Amino acid sequence: MKLVTIHKDKIKNIFEELTQSFGGKIVFDSDEYALEVCNDFAKGTIVGSSYSDSVSCLQFDMTFSEDVRISIGNPNISPVYFSYCSKGSLSHSFGISGVERKLKKFQTAIVSSRQDEENILFFEKNTNTTLTLIVVGTQNSGSSDYDSLNYKVRETFFEKNSEYNFFYVGSYNLKIAEKIEELSAVTETGIVRNLLKEGILKIILAMEIQQHSDDMNNSLKETNCFTMKEMEEIKKLSDLIKETPEEQFTIKSLSKKSGLSPNKLQEGFKMIHDRTVNDFITHMRILKAEILIKNSDLNISEIVYCIGFTSRSYFSKIFKQKFNCSPKEYKFNQNPLAITA
């Protein structure tokens, strides 16, 4: 068992401490730190940034060769931690000898602790664990801005429990996993990257707070009738459709591939994507068409064929519903010289 202690609250200092414990190399780009590790003890990356409103984020994608406990001291900013596990699983305890509570894949945990209490994250050895940790400082700055994010978070999760530790684990939520994938997929650099990631991060934070509110309101109801295996199958199907939307998927073929009944399949897609299976397939085809219009030399008829549609008029109709212009007009707006259809 290896114990790693984080004393600091500044991202730069946190990464210096992590490097001392795990080794590896730090890469810095416009206020974002990335620690890349590949040695006998640890493999993977840790990415972190600080944003406005005393919000910071750490993303772990790590595999350790032995059990690891990361002890996070409770700094002066009196933070609330929003943790989401996208892969693997881990545990949390208040203090090194506290009761361990499990955070499973696709779950959010919201944690705040007494000023003198440390938060312990327990990573299991030989398990690839992906964790997104959003930290919101809740220190009272003396400001009278009761609409600020810090004040709202403090009021909701901290002040009423200031003398006690607070721990909540939410029901399974794949929508948050989808949004975190967007966060990790940002390819821009510099200030554009920082602004895009901050925007997505605030949405993730809002979704996690909403998850807590929904769970509290539905505490006496059956809120999720899906098992972990069913959730994973729906996620796999969603990813498959995103990667190859042009395939001629049917409810029957997807049901057979996943082992889920057609009704269960539809319920899962409506829960995660707010769409039926067929609507999701159509949505992903339109998104792929947009990419092809922007980045390829294909004409509109060729694009219709490439994304799995057989009717150009139907494609034009739903494309216009989404983008408020025809595919041809959209292509012209990208490059007036590109019209070939």
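This report walks through the overall build of a predicted protein model and then visits one of its residues, Q59.

## The chain as a whole

Welcome to the structure! The protein chain contains 11 helices and 13 strands. Along the principal axes, its C-alpha atoms fill a box of roughly 65 × 50 × 45 Å.

How do the contacts run along the sequence? Among contacts between residues at least 6 apart in sequence, 65% join residues that are at least 24 apart.

## Inside and outside

The protein chain has 341 residues, and 48% of them count as buried. Turning to the outside, the chain exposes about 17300 Å², with carbon and sulfur atoms supplying 49% of that area.

Charges are worth a look too. There are 42 positive and 45 negative side chains in the protein chain. The centres of these two sets lie 6 Å apart.

## A closer look at Q59

Now let us zoom in on a single residue. Q59 sits in strand β5, which covers residues 55-64. Is Q59 buried or exposed? Its relative accessibility is 12%, and Q59 counts as buried because buried means under 20%.

What does the side chain of Q59 make a polar contact with? The partner is the side chain of S184, at 3.4 Å. S184 also appears among the residues that Q59 touches when those up to four places away in sequence are not counted. That list also includes T45, I46 and V47, then L131 and T132, and further along the chain I180, L183 and K197.

Terms used
Residues are numbered from 1 along each chain as its sequence is written. This is a predicted model: local features need pLDDT of at least 70, side-chain atom pairs count only at pLDDT 80 or more; totals for chains, interfaces and linings use all residues. Side-chain values use heavy atoms; hydrogens and water are left out. Helices (H or I, at least four residues) and strands (E, at least two) are DSSP runs, numbered from the N terminus. Buried means under 20% relative accessible area, exposed over 50%, partly exposed in between (1.4 Å probe, protein chains only). Contact means heavy atoms within 4.5 Å. Accessible areas come from the Shrake-Rupley method with a 1.4 Å probe; for residues, only the protein chains shown count as cover. Lys and Arg count as positive and Asp and Glu as negative; His and the chain ends are not counted. The place of a charge is taken as NZ of Lys, CZ of Arg, CG of Asp or CD of Glu. A polar contact is a pair of N or O atoms within 3.5 Å; within protein, one must be able to donate a hydrogen and the other to accept it, and residues adjacent in sequence count only if both atoms are side-chain atoms.
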